[in-house]
Amino acid sequence: MAVQRITYVVPKKLSGERIDRVLELMVEDLSRSQLQKLVRRGNVRIAGKVITRSNGRVQKGTSIEIEREAPPPTIGILHEDEDVLVVVKPPGLLTHGADRLPNADDLASQLDRRFGPLPTSRGDERPGIVHRLDRDTSGILVVARHEQALEILQDQFRKRTVLKIYHCLSSGTPLETRFTMDDPLGPVPGKADRQRVDRAGGKEARTVFEVLQSFGSHTLFACALHTGRRHQIRVHLSAQGHPVLGDPLYGSQQQRPLPDGVATPGRLALHAQALAFAHPRTGERMEFEAALPADLQRTVDGLQKLRDSV
């Protein structure tokens, strides 16, 4: 279960009111009984202290922190027809789970319940999934609605005719505004979840990077993938000394902190921004874009404001 913590500040008009009354007026999407349950469970803090009764009174300016179950992330639908779905995966959501569970909340399971049944030739746990994004990566995915569409789309990915462009925020500023990395990639011995540059035995990997904006301490890149190796963008940028912001696997040694006052996205700053492919039935070239989500855009806006104020 995902948990979120939300902080409210008591406004002047509610100063002196009972806690239960303030909660009821400020937390509009929860019922009175749901709020009381949170209080009894110790999920409400007043000025940093846990409370278990709500008959006390609070003054203006007092902080109220509530810990509650987070609502499931919203999946954006860019396109829907009888053959394919084109969706925008929010950050924090698995593309598919390891097992197929009746009430699973991963993207594949949600889409199967909403639009299915979706094809399962690649495994019951990943219905309709043609390609995937890491949990903390947001952005565009194409999903097949039947086996023939799945086979045709997979073939396009194998033949590398699919356009895949990502946007990311990385540490530092490169010497060139456009450059290509062709370093082959392979697994780190003994660490199944990690990749590395492996010029001796790695698989072909090619990424073209273009600087969209430079902020001195950080850079906003457009990254065009010509191959689809695991963690390809992350490993290539880390090898250049410009790890993706918030990368826990490849960025710990070289990561630069954001300047004071700039909001951190709190996750991997990587977003699948554009996708183009041939429609599996008509052959028509279909192109889709998804703007940066709010968390990444806030960081970019903060860096822009800081840069432009100098």
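## Holes, strands and rings: a quick tour

The lining of the largest cavity is made up of seven nonpolar residues, one polar and one charged. Keep in mind that you're looking at a predicted model. Below, we go through the cavities, the largest pocket, one enclosed strand, some aromatic rings and a glycine in a loop.

**The largest cavity**

- A search of the whole structure turns up two cavities of 30 Å³ or more, and the largest has a volume of about 50 Å³.
- Its lining consists of His-131, Leu-133, Ile-140, Lys-164, Ile-165, Tyr-166, Ala-272, Ala-274 and Leu-275.
- Which strands give at least two residues each to this lining? They're S8 (163-171) and S14 (270-278).

**The second largest cavity**

- This one has a volume of about 30 Å³.
- Around it you'll find His-167, Cys-168, Leu-169, Leu-220, Ala-269, Leu-292, Leu-296 and Val-300.
- Two elements, S8 and helix H6 (294-308), give two or more residues to that lining, and S8 has the largest share, with three residues.
- Sorted by type, the lining has seven nonpolar residues, one polar and no charged.

**The largest pocket**

- The largest pocket has a volume of about 860 Å³.
- It's lined by 28 residues, and the closest to its centre are His-131, Arg-132, Lys-164, Gly-228 and Arg-229.
- Helix H4 (147-158), S8, strand S13 (218-225) and helix H5 (232-239) each chip in at least two lining residues.
- What's the mix of residue types here? The pocket lining has ten nonpolar, eight polar and ten charged residues.
- Two names should look familiar: His-131 and Lys-164 are in the lining of the largest cavity, and both are among the residues closest to the centre of the largest pocket.

**Strand S7 and its partners**

- Is strand S7 (residues 138-144) buried or exposed? Seven of its seven residues are buried, so S7 is largely enclosed by the rest of the structure.
- Strand S6 (residues 84-89) runs antiparallel to S7, and six bridges join them; Val-87 sits opposite Leu-141 in S7.
- S14 runs parallel to S7, with two bridges joining the two strands. Here Ser-138 has His-271 in S14 as its bridge partner.

**Aromatic rings**

- How many aromatic pairs does the structure hold? There are four.
- In one of them, the ring centres of Phe-179 and Phe-221 are 6.1 Å apart and the planes are at 90°, so this pair is edge-to-face.
- Phe-179 belongs to strand S9 (residues 178-181) and Phe-221 to strand S13, so the pair ties together parts 42 residues apart in sequence.
- Phe-179 counts as buried at 9% relative accessibility, and Phe-221 is buried too, at 0%.
- Phe-277 and Phe-288 also have ring centres 6.1 Å apart, but their planes are at 25°, so that pair is stacked.
- Phe-277 is in strand S14 and Phe-288 in strand S15 (residues 285-289), so this pair links parts that are eleven residues apart in sequence. Both rings' residues, Phe-277 and Phe-288, are buried.
- Phe-179 and Phe-221 join Phe-209 in one aromatic cluster.

**A glycine in a loop**

- Gly-48 sits in the loop between strand S2 (44-46) and strand S3 (49-51).
- Why does Gly-48 count as exposed? Because its relative accessible area is 55%, and the cut-off for exposed is over 50%.
- Gly-48 and Gln-304 are 256 residues apart along the chain, and their C-alpha atoms are separated by 33 Å.

Terms used. Residues numbered from 1 in each chain as written. Predicted model: local features only at pLDDT ≥ 70, side-chain atom pairs only at ≥ 80, totals over all residues. Heavy atoms only, no water. 1 Å grid on protein atoms, 1.4 Å probe; cavity = no way out; pocket = protein on both sides within 12 Å on 5 of 7 lines; lining within 4 Å. Points joined across faces, edges and corners; volume = space filled by probe spheres on them. Helix = DSSP H or I, 4+ residues; strand = E, 2+ residues; numbered from the N terminus. Nonpolar A, V, L, I, M, F, W, Y, C, P; charged D, E, K, R; others polar. Buried < 20%, exposed > 50% of the residue type's maximum accessible area, 1.4 Å probe, protein only. Pairing = 2+ DSSP bridges. Phe/Tyr/Trp six-rings, centres within 6.5 Å; stacked < 30°, edge-to-face > 60°.
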